[in-house]
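Me: I want the reasoning behind the labels, not just the labels. Take me through them one at a time.

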Amino acid sequence: MGLAVLTWNLFHGRGVPPAGRSLRAEFAEMIAGWDWDVALLQEVPPWWGPELARRARAGHAMALTSRNALLPGRRRLADRWPDVMRSNGGGANVILSRPGVTESRSRHLRLWPERRVVHAVRLPSDIWVANLHGSAHREERAQADLARAASAALGWAGAAPVVLGGDLNLRAPQVEGFVHAAAHSVDHVLARDLSGAAAAERLAAGALSDHVALRVVLA
């Protein structure tokens with residue numbers, strides 16, 4: 001048995017081309033229909049987490065990222081005009097786990113120029129799975145985010161296996177102690193004491209998001 005890991009940046013719940021309306025139901029249906037054990041999601045509207053988990057029949061953990069001040073007002077506007085609000089609707093990273101969640105942790109990585117957070121869950125198998133959306137536009141910032149996130153995840157996991165994935169905003173991430181399990185553009189899955197049991201897959205999501213959903217089975 002392997003651990004199927006999905007990573008996907010949800011583009012703040014938007015589509016390409018713009019749909020001009022909320023796509024929450026479509027995203028929830030797509031994620032629920034795919035075959036995975038753990039899903040690492042970035043740029044998630046903060047109020048989506050519980051519904052995504054319910055539809056996918058999964059436990060979940062969430063970490064708020066940036067632009068979340070006055071969130072109730074942002075939510076009203078983003079639900080009505082998501083393509084106008086874009087990232088100003090607020091952001092979160094979400095981990096969904098179909099095996100369940102036995103523990104969760106998070107750590108702030110930076111507050112400027114945007115808040116970045118790594119968060120992780122421990123599965124019933126004792127594997128730790130961490131989710132990261134790295135800083136954009138400056139490779140050195142993204143690499144620093146990754147190094148800090150890896151250090152935090154290794155500290156939480158101790159001797160247990162670790163998965164670290166997400167939209168790292170790096171084309172070729174390097175972090176000591178981890179091997180590359182899957183990659184597409186800036187989306188990656190890295191692992192310690194686990195390796196890819198098969199080639200990674202790019203999942204078709206139609207017009208949802210501007211990122212490809214990436215899935216890999218780890219053994």
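**Labels and their grounds**

Reply: Start with the lining of the largest pocket: three nonpolar, eleven polar and ten charged residues. Keep in mind that this is a predicted model.

Me: What is the volume of the largest pocket, and which residues are closest to its centre?

Reply: The space comes to about 450 Å³. The lining has 24 residues, and Glu43, Glu114, Arg116, Ala136 and His137 are the closest to the centre.

Me: What makes Glu43 count as charged and Ala136 as nonpolar?

Reply: The class follows from the residue type: Glu is on the charged list, Ala on the nonpolar one.

Me: How many cavities are there, and what makes a space a cavity?

Reply: There is one cavity of 30 Å³ or more. A 1.4 Å probe fits in a cavity but cannot get out, whereas a pocket is open. The largest cavity has a volume of about 110 Å³. Its lining has 14 residues, with His12, Pro45, Trp47, Ala78 and Pro82 closest to the centre. Helices α3 (71-80) and α4 (82-85) each give two or more residues to that lining. By class, the lining divides into seven nonpolar, five polar and two charged residues.

Me: Why is His12 called buried?

Reply: Its relative accessibility is 13%. Buried means under 20%, so His12 counts as buried. The residue lies in the loop between β1 and α1. Phi of His12 is near 55°, a positive value in a residue other than glycine.

Me: What makes a positive phi worth a remark?

Reply: Most residues other than glycine have a negative phi. Asp126 also has a positive value, near 80°.

Me: Is Asp126 buried, partly exposed or exposed, and why?

Reply: Its relative accessibility is 39%. The partly exposed range runs between under 20% and over 50%, so Asp126 counts as partly exposed. Asp126 sits in the loop between β6 and β7 (128-133).

Me: Which residues does a cis peptide bond join?

Reply: One joins Val16 and Pro17, with omega about 5°. Another joins Trp112 and Pro113, with omega about 0°. Pro17 is in the loop between β1 and α1 (24-33). Pro113 is in the loop between β5 (103-110) and β6 (116-122). Most peptide bonds are trans.

Me: How do you know that β12 pairs with β1 and with β11?

Reply: Pairing needs at least two bridges. Strands β1 (residues 3-9) and β12 have five, in the antiparallel sense. Strands β11 (residues 201-203) and β12 have three, also antiparallel. Among the bridge partners, Leu3 goes with Leu218 and Leu6 with Arg215. On the β11 side, Arg202 stands opposite Leu214.

Me: What makes β3 and β11 the edge strands?

Reply: The open sheet has six strands in the order β3-β4-β2-β1-β12-β11, with mixed pairing. β3 (59-64) and β11 each pair on one side only. The twist averages 20° from one strand to the next. Helix α2 (residues 49-56) packs on the sheet and touches β2 (38-44), β3 and β4 (92-97).

Me: Why is β12 called mostly covered, and why is Val217 called partly exposed?

Reply: Five of the six residues of β12 (residues 213-218) are buried. Val217 is in β12. Its relative accessibility is 22%. The buried class ends under 20%, so Val217 counts as partly exposed. Val217 still touches several residues, including Gly2, Leu3 and Ser195. Val217 and Val5 are 212 residues apart in sequence, yet 6.1 Å apart in space, C-alpha to C-alpha.

How values were computed:
Residues numbered from 1 in each chain as written. Predicted model: local features only at pLDDT ≥ 70, side-chain atom pairs only at ≥ 80, totals over all residues. Heavy atoms only, no water. 1 Å grid on protein atoms, 1.4 Å probe; cavity = no way out; pocket = protein on both sides within 12 Å on 5 of 7 lines; lining within 4 Å. Points joined across faces, edges and corners; volume = space filled by probe spheres on them. Buried < 20%, exposed > 50% of the residue type's maximum accessible area, 1.4 Å probe, protein only. Helix = DSSP H or I, 4+ residues; strand = E, 2+ residues; numbered from the N terminus. Axes fitted to C-alpha atoms, helices over the stretch in contact; angles between N-to-C directions. Contact = heavy atoms within 4.5 Å. Lists of a residue's contacts leave out its neighbours within four places in sequence.
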